[in-house]
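Here are my notes on this one, as promised. Have the model open while you go through the points.

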Amino acid sequence: MMPIKFLGSFDTVESLPRTRVTEYAFVGRSNVGKSSLLNALVGHKIARTSNTPGRTQTINLFEWTEEECPITLADLPGYGYAKASKTEVIKWTARTEKYLLTRSQLKRLFILVDSRHGLKESDLEMINFCDANAIQYQVILTKTDKIKKSEGEKLRVEIDQEIKNHGASCGAVIATSAEKKAGIEELKSAIAKG
Ligand code: GTP
Ligand code: MG
């Protein structure tokens with residue numbers, strides 16, 4: 001049996017399957033590498049990735065059974081997508097916020113940040129939203145293969161400092177590369193310890 005299963009693509013929060021399975025979600029700016037990191041984590045190319053920002057526009061759920069106990073992984077649509085219309089942005093933001101506020105089985109939100117760009121205004125808005133609503137989150141740096149090791153380390157420390165005093169942050173920043181499979185074990189253990 002495959003340890004990873006696609007549960008479906010959901011356009012609205014209301015249509016999500018109602019389960020009690022613990023859930024972990026991936027969010028971040030469009031093109032940051034959410035779907036790629038999910039694939040690297042489960043060791044299977046199951047979430048669709050693309051060079052075109054804005055690829056994932058619905059909430060995609062995957063059931064992952066690594067060690068007997070199944071969990072759900074949610075690949076959320078990216079924010080900060082430049083080509084989206086204002087109406088679309090409002091709709092997507094409302095949906096993500098609704099998901100975060102109502103998904104009671106959500107254990108932790110992974111906020112992905114491109115290591116070449118660092119924290120952007122839209123990431124800070126997401127972080128502030130989580131703080132204000134007591135949604136536990138952890139910041140994950142992506143694409144660290146694209147920058148020097150020393151730069152990645154500096155950024156990791158900076159972000160750790162920045163969010164240390166934030167209410168709902170949990171766990172130190174994890175530096176990852178889906179390309180080079182770096183930081184995957186750390187991410188796995190963050191989930192296992194959840
Ligand atoms: P949206 O669904 O559009 O919001 O994007 P996403 O955040 O799911 O990003 P996705 O995983 O589709 O990756 C976007 C692009 O970045 C693709 O071209 C990936 O190949 C590339 N990419 C993702 N992760 C890495 C990484 O660790 N290193 C490098 N070099 N490229 C990566
Ligand atoms: Mg995606």
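1. Start with the sheet. This is a predicted model, and its seven strands form an open sheet in the order E1-E3-E4-E2-E5-E6-E7, with mixed pairing. Strand E1 (4-10) and strand E7 (174-175) are the edges, each pairing on one side only. As a reminder, strands of a sheet pair through backbone hydrogen bonds, either parallel or antiparallel.

2. For a look at one pairing, try E3 and E4. Strand E3 (residues 59-65) and strand E4 (residues 70-75) run antiparallel and are joined by six bridges. If you want a spot to click on, Trp64 has Ile71 in E4 as its bridge partner.

3. Now the helices on the sheet. Helix H4 (residues 149-164) packs on it, touching strand E5 (106-114), strand E6 (137-142) and E7. The direction of H4 makes about 160° with that of E6. Helix H5 (residues 184-193) lies across strand E2 (23-28), E3, E4, E5, E6 and E7, and it runs at about 155° to E5.

4. On to the cores. Which members of the largest nonpolar core touch the most other members? They are Tyr99, Leu109, Ile111 and Tyr137, out of 29 residues. At least two residues of this core come from each of E2, E3, helix H2 (86-102), E5, helix H3 (121-132), E6 and H4. A second, separate core has 23 residues, among them Phe26, Leu37, Ala47 and Ile71. In soluble globular proteins, nonpolar side chains tend to be buried together.

5. Tyr137 deserves its own click. Leaving out residues up to four places away in sequence, Tyr137 touches Arg108, Leu109, Ile111, Ile127, Cys130, Asp131, Ile163, His166, Ala168, Ser169 and Cys170. Two of the names there, Leu109 and Ile111, are also listed with Tyr137 for touching the most other members of the largest core.

6. Last, the backbone angles I'd check. Most residues other than glycine have a negative phi. Asn31, not a glycine, has a positive phi of about 80°, and its place is in the loop between E2 and helix H1 (34-42). Lys143 also has a positive phi, near 55°, and is found in the loop between E6 and H4.

7. Are those two loop residues buried or exposed? Asn31 is partly exposed, with a relative accessible area of 30%. Lys143 counts as buried, because its relative accessibility is 19% and the cut-off for buried is under 20%.

Technical notes
Residues numbered from 1 in each chain as written. Chains lettered and ligands numbered in written order. Predicted model: local features only at pLDDT ≥ 70, side-chain atom pairs only at ≥ 80, totals over all residues. Heavy atoms only, no water. Pairing = 2+ DSSP bridges. Helix = DSSP H or I, 4+ residues; strand = E, 2+ residues; numbered from the N terminus. Contact = heavy atoms within 4.5 Å. Axes fitted to C-alpha atoms, helices over the stretch in contact; angles between N-to-C directions. Buried < 20%, exposed > 50% of the residue type's maximum accessible area, 1.4 Å probe, protein only. Core = buried A, V, L, I, M, F, W, Y, C linked by side-chain atoms within 4.5 Å.
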